[in-house]
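Welcome! Here is a short guided walk through a protein model, written for someone meeting it for the first time. Please keep the structure open beside the text as you read.

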Amino acid sequence: MVNLEIISLLIFFSLIGLYLLKNKKHITYKGGISIIRWKRGKEILDVIANKYRKILPAIGILSIVVGILATVLSIFYILQFSLRFQQAFALALPSVSGVSYPAPIIGVPFWYWVIGVFVIVFVHESMHGIFARLDNVRIKSYGLITFLVLPIGAFVDPDEKQIKKLSVLKKLRLLSSGSFINIFLGLLFLAVAAGLFFNIYETKGVVFAGTAEDMPANKAGLSGTITVINGQSVKTIQDLSKILNGTEPGTEIQIITTGGKFTLETVSRPDGQPGSYIGISNASTDVDVKDEIKLYKVPIDWFYGLIVWLHILNLGVGMANMLPIKPLDGGLFYEEILKKYFGGRSKSLIKFISIAVAILFLFNILGIPIIKSFMG
């Protein structure tokens, strides 16, 4: 069977490769990394900075506030999850045709990953560029970065000497603006996903992974998606729980599923609580597109998945980037604050903070899953 995803990837990589070969005179190569500098594009930053010159300073202040809140929340969640021996963040890499990675890496469908990374870094770096131009900082270059033929980011290269002359407030809003736009987009995509979910999806019943041996569901050969029990509609796992919790053990019930009709006699719950038990495992609510748009299920599911991943990736990167770890924006952000109050001691302070937070962060995303794998 032809794998359209693999074919689309080959075409995509071939086009990127041809572009790199055609423009090799204008591309910087180093260790598999290609830096593609655009001659055009910088003027767009000027247009935006000039058009919204009155409102951008207020957005800059908001980005500082949001950046500080992101730092506090990120560290709080890392500490809380680490104490529970759980991950607060995870590494995300592209996956093709459902290929899975060992923990702690999460596989993201390739096209979701490529689109997500492009959106994240493009808006992030563009926001830095807009605030640089707002303060008349020259943009030396603007472009894309690839690893071999895989696009991994975009960049804006402002004049560092001019940035050093800016006030602390202007530096802080420039540094926090990239994470701010990622967090904003992450929340925006969450709102879009929620709106789409309630308009194009509906609950269909309860699905389950299997049945416990010698239990009622197993003996009756229960299969399919549970939709009705004794004439009562079952749309969600909560509906199923409510019905079973209100049924005395030893009661004969009729269950209708997408696989047929089944009659069984309930038994007592293993935990000793009131209600009945039928012996299904890993039960969950079955959610699918509404019947009237079932014909478009494949593109709808793909687009919805993209929106969800754009939410996850933007929010995750925006939050993590504001951690006080150099050379992340968060590290540079807090270095400027420390310079204001501690002068020459700020370098040693930010170095200590960076190392401490980096160790905590790496322990959470790498150490915990590795330890868990050894513990079985």
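## A look inside the model

Two elements, helix 4 and strand 6, each supply at least two residues of the lining of the largest cavity. Helix 4 provides the largest share of that lining, 4 residues. The residues around the largest cavity are Val114, Val117, Phe118, Val121, Leu144, Pro151, Ile152 and Gly153. By class, the lining of the largest cavity has 7 nonpolar residues, 1 polar and no charged. The volume of the largest cavity is about 50 Å³, and a search of the whole structure turns up 1 cavity of 30 Å³ or more.

Before going further, please note that this is a predicted model. The mean pLDDT of the protein is 89, and 98% of its residues reach 70 or more. Among the elements, helix 3 has the highest mean pLDDT (96), while strand 6 has the lowest (77). Keep strand 6 in mind, as its mean pLDDT is 77 and it helps to line the largest cavity.

### A residue at the cavity

Let us stay with one of the cavity-lining residues, Val114. Valine 114 belongs to helix 4. Is valine 114 buried or exposed? Its relative accessible area is 10%, so valine 114 counts as buried, the cut-off being under 20%. Leaving out residues up to four places away in sequence, valine 114 touches Phe12 and Leu150. Valine 114 and leucine 150 are 36 residues apart along the chain, and their C-alpha atoms are separated by 8.5 Å.

### Strands side by side

Now turn to the strands. Strand 5 (residues 139–147) pairs with strand 2 (residues 33–37) in the antiparallel sense, over 5 bridges. Here serine 34 has threonine 146 of strand 5 as its bridge partner. Strand 5 also runs antiparallel to strand 6, and 8 bridges join these two. For isoleucine 145, the bridge partner in strand 6 is glycine 153, and Gly153 is also one of the residues that line the largest cavity.

Strand 5 and strand 6 form a hairpin with 2 residues between the strands. In this hairpin, leucine 148 takes a positive phi near 60°.

### Two pockets

The model also has pockets, and the table sets out two of them.

| Pocket | Volume | Lining | Nearest the centre | Top contributor |
|---|---|---|---|---|
| Largest pocket | about 1,300 Å³ | 37 residues | Ala90, Leu313, Gly316, Val317 and Ala320 | Helix 9, 10 residues |
| Second largest pocket | about 530 Å³ | 19 residues | Glu160, Ile163, Leu174, Leu175 and Leu332 | Helix 10, 5 residues |

Which elements supply at least two residues each to the lining of the largest pocket? They are helix 3 (56–83), strand 3 (91–95), helix 4 (110–134), strand 6 (150–158), helix 9 (297–321) and helix 11 (346–375). The lining of the largest pocket divides into 28 nonpolar, 7 polar and 2 charged residues.

For the second largest pocket, the lining residues number 19. The elements that give two or more residues to the lining of the second largest pocket are helix 4, strand 6, helix 5 (160–164), helix 6 (168–200) and helix 10 (329–342). By class, this second lining has 7 nonpolar, 2 polar and 10 charged residues.

### Two more buried residues

Helix 10 is also the place of glutamate 336. With a relative accessible area of 11%, glutamate 336 is buried, because buried means under 20%. Apart from its neighbours within four places in sequence, glutamate 336 is in contact with Val168, Lys171, Leu172 and Leu175. Of these contacts, Leu175 also appears among the residues nearest the centre of the second largest pocket.

Our last stop is leucine 244, found in helix 8 (residues 237–245). Leucine 244 has a relative accessible area of 10%, so it too falls under the 20% cut-off and is buried. Which residues does leucine 244 touch, not counting residues up to four places away in sequence? Leucine 244 touches Ile253, Gly275, Ser276 and Ile278. As for phenylalanine 76, it is 168 residues from leucine 244 in sequence and 39 Å away in space, C-alpha to C-alpha.

Note on methods:
Residues are numbered from 1 along each chain as its sequence is written. This is a predicted model: local features need pLDDT of at least 70, side-chain atom pairs count only at pLDDT 80 or more; totals for chains, interfaces and linings use all residues. Side-chain values use heavy atoms; hydrogens and water are left out. On a 1 Å grid over the protein atoms alone, a cavity is a set of points where a 1.4 Å probe fits but cannot get out, and a pocket is an open set with protein on both sides within 12 Å along at least five of seven lines; lining residues have an atom within 4 Å of a point. Grid points are joined across faces, edges and corners, and a volume is the space filled by probe spheres set on the points. Ala, Val, Leu, Ile, Met, Phe, Trp, Tyr, Cys and Pro count as nonpolar, Asp, Glu, Lys and Arg as charged, and the others, Gly among them, as polar. Buried means under 20% relative accessible area, exposed over 50%, partly exposed in between (1.4 Å probe, protein chains only). Contact means heavy atoms within 4.5 Å. pLDDT is the predictor's confidence in each residue, from 0 to 100. Two strands pair if DSSP finds at least two bridges between them.
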